[in-house]
Amino acid sequence: MRRRNIAVCVTGYNWDYESRVVSGIAEKCGELDMNLLIFATLIRRPELNSDRVLPDSVIRGESEIFNLINYEIIDGIIILGESIIEEQVIFDISAKAAEKNIPVVNVNDPTHKLFRNVILSDKKAMEFVVRHLVEEHGLTKINFIGGFPGNLQTEERLAAYKKVLGEHNIPIEEKRIAYGEFWKKATECTENFISSGDIPQAIVCASDTMAIFCMDCLREHGFRIPEDIVVTGFDGLDDCENYSPTLTSVRRGFRSAGYKAAEIITDILDGKETEETSEVDSELVIMQSCGCVPKEEKRKFDYLSEKYGAESVSLEFRTYIHAMNTDFAAVKTSTELFANAKRSAEFFKLKRLFICICSNIERETAELDKEDIISAFRGISDTMVNKFSYGSSVPVGKQFPASELIPEDILNGDKAVVFAFSPMYFKDNFLGYLAYEPSGFRGYGEHFSTWLMMLSNNTGSFYMNKKLELVVEQLENLYVRDPLTGLFNRRGMSKYGMELLDSAKKADSCITVVCSDIDNLKPINDLYGHEAGDNAIVQTARAISNAMPDRTVCVRTGGDEFCSVINSCSEYEIKAVIEQIDRTLSDYNASSGLPYKVGCSCGYYRMRASETESIEKIAAFADEEMYRVKVRKKAMNKIIL
């Protein structure tokens, strides 16, 4: 039986709360031998009421990764809706899944109710901590710092705070309630509490971050925690254990929520009944800041080890990023562009890593048109090219359908896998994506997103410069080439003809110029029109360029006149070239079915390159010879007539 594939849609899966949810999903998938495919953007949503606005190009580029989902192979989808930066993505994924009868569960997102939902209960969570302070510590003067007024989570936590106070007949005083806007004003709120003269016994904060800012402010004012004032947080972040004193907090059931979401998916697939909404309770994590756990002074050795360990990682990362950007200046090919990604895979402890670039981006010699040069946003192409492999033998350059996600079959192996996919984009182009197998779900959040952003910018710059080179080449061709025949014009002869002459001088060899003139072009134009005349010009140009040896500079110098510059060539070879031109045109006349014949007269002149300073001088001699040939042709035609 085919192994089930569960997809997770999330922003920043390796950040704090998201990583806890994903680790819970992974635990359940591991128990049931299911593959877990994580479609993860890395740019986080701006904070509520923040002035920061993400550019449309960023939103499109990040959100495009969700279009990589292959609904033909996915059995269930879990969305961390609150983390998704583009709201419409949530509904698009849900609608596409519904078409394929794929169950969808939305986690921790009360704003967007979907087919099935897992909600983390904030009301009960905040009740836990306030009850603990009232019932276990006997505190009555408890202040509250929330996020933004009107915010759903803030209001729920505030309601829980008021509920517990009311149950214990403790007056609810508005002066004890403030809004720290998640962290920006937490310090200001704390200072206002202190300056009021009515010092609280405890300050309950609606987030750990605000609690840490609050404690910093209290300590600056000489207050001891928890001896003078108790402080509690909400979220149970890692920072709670790293701060001194460690922070008593409420840990929302993120891991349990992820586990529950995966459980709901499997129940639906197995035909079991499930509720539309499931709630996951939080737990109170008691630490030092409430006084229940004795404060212990951190040993200096432990402190230094943690401090220098973190600094060492950051220094290593900064050094690597600097080297990556420095090396980019010398990159000539797309393969070189990704050559040092092995170091990244090792730094981030990835088991496997693929860098997959859209085939239409990688294409090196495409003929650009106006749409290519000034293009709207382009998403995932139908096929991808593997440009880097780590932990795999898949060769660089392997092309594969984007629907397969990864350039090798890993979903049907001996054991289930966890693979993540993150977008690479630059301005208005989706470049491709990373496909990687993480060794865990925690840590390196900021480092990873910074690295991928730098990699995407370098990749986009590389391909944009490549496109510009092609555009410049096209513009240069317009400047030096004849638009009708594609041969060089006089400007092209001046530039490239002189290069051949200089090369012949260095080699102390000869330079040859062949001048050609179309026979009877005026009568063809007069009798059959200018389209026929243009055809005669094009056919002659093709015959000349096809007959000439490599590196010949073929030029259309006038309406019916051509000039070819050849670096070295024997008399015998030149005569063979001219004969080939005549044969090509004769063959064309025999098969064209046209009422006119195309022909040309050729003359050449050969001299040692060191004896001349210009191509024009040799061309003048070749032109004289060509006219002598043309005169002889006319004389022969009169004799035949």
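Let's start with strand 13, residues 350-358: 8 of its 9 residues are buried, so the strand is largely enclosed by the rest of the structure. Everything here comes from a predicted model, so read the numbers below as values computed from that model.

Strand 13 has partners on both sides. With strand 17 (residues 429-438) the pairing is antiparallel and runs over 7 bridges. If you want a spot to zoom in on, arginine 352 stands opposite glutamate 437 in strand 17. The pairing with strand 14 (residues 383-390) is also antiparallel, with 6 bridges. There, leucine 353 has tyrosine 390 of strand 14 as its bridge partner.

**The 11-stranded sheet**

Zooming out, these strands belong to an open sheet of 11 strands in the order 11-5-4-3-1-2-16-17-13-14-15, and the pairing is mixed. Strand 11 (277-280) and strand 15 are the edge strands, each pairing on one side only. From one strand to the next, the twist averages 25 degrees. Helix 2 (residues 56-63) packs on this sheet and touches strand 2 (35-41), strand 16 and strand 17, with its direction at about 150 degrees to that of strand 16.

Further along the strand order, strand 3 (residues 76-79) and strand 4 (residues 104-107) run parallel and are joined by 3 bridges. Isoleucine 78 stands opposite valine 105 of strand 4. As a reminder, strands of a sheet pair through backbone hydrogen bonds, in either the parallel or the antiparallel sense.

**The four-stranded sheet**

There's also an open sheet of 4 strands, ordered 7-6-8-9, and its pairing is parallel. Strand 7 (177-179) and strand 9 (230-232) sit at the edges with a single partner strand each, so one side of each has no neighbour in the sheet. The twist here averages 20 degrees from one strand to the next.

Strand 6 (residues 142-146) pairs with strand 7 in the parallel sense over 3 bridges. Isoleucine 145 stands opposite alanine 178 of strand 7. Two helices lie across these strands. Helix 5 (residues 152-167) lies across strand 6 and strand 7, at about 170 degrees to strand 6. Helix 6 (residues 186-195) lies across strand 6, strand 7 and strand 8 (202-205), and runs at about 155 degrees to strand 6.

**A helix pair**

Two packed helices are described by the angle between their axes and the distance between the axes. For helix 1 (residues 16-31) and helix 9 (residues 254-269), the axes come within 6 Å and cross at roughly 40 degrees. Angles that are neither under 35 degrees, nor over 145, nor from 65 to 115 count as oblique, and helix 1 and helix 9 are therefore oblique to each other. Their crossing is right-handed. On the helix 1 side, the contact includes Tyr17, Arg20, Val21 and Glu27, and on the helix 9 side it includes Phe254, Arg255, Tyr259 and Glu263. The residues of this contact divide into 6 nonpolar, 4 polar and 6 charged.

**Three residues to look at**

The table gives the accessibility of three residues.

| Residue | Relative accessible area | Status |
|---|---|---|
| Valine 10 | 0% | buried |
| Serine 564 | 1% | buried |
| Lysine 415 | 63% | exposed |

Valine 10 is in strand 1 (residues 5-11). Leaving aside neighbours within four places in sequence, valine 10 is in contact with Glu18, Ile38, Phe39, Ala40, Thr41, Phe66, Leu80, Ser83 and Ile84. Its C-alpha atom is separated by 52 Å from that of proline 483, which is 473 residues apart from valine 10 along the chain.

Serine 564 has its place in strand 20 (residues 561-567). With neighbours within four places in sequence left aside, the contacts of serine 564 are Thr512, Val513, Val514, Ile544, Met548, Thr552, Val553 and Cys554.

Where does lysine 415 sit? Lysine 415 is in the loop between strand 15 (399-401) and strand 16 (418-426). Exposed means over 50% relative accessible area, so lysine 415, with 63%, is exposed. Apart from neighbours within four places in sequence, lysine 415 is in contact with Arg3, Asp33 and Asn35. Lysine 415 and asparagine 35 are 380 residues apart along the chain, and their C-alpha atoms are separated by 8.5 Å.

Technical notes: Residues numbered from 1 in each chain as written. Predicted model: local features only at pLDDT ≥ 70, side-chain atom pairs only at ≥ 80, totals over all residues. Heavy atoms only, no water. Buried < 20%, exposed > 50% of the residue type's maximum accessible area, 1.4 Å probe, protein only. Pairing = 2+ DSSP bridges. Axes fitted to C-alpha atoms, helices over the stretch in contact; angles between N-to-C directions. Left-handed = near helix turned anticlockwise from the far one by under 90°. Contact = heavy atoms within 4.5 Å. Nonpolar A, V, L, I, M, F, W, Y, C, P; charged D, E, K, R; others polar.
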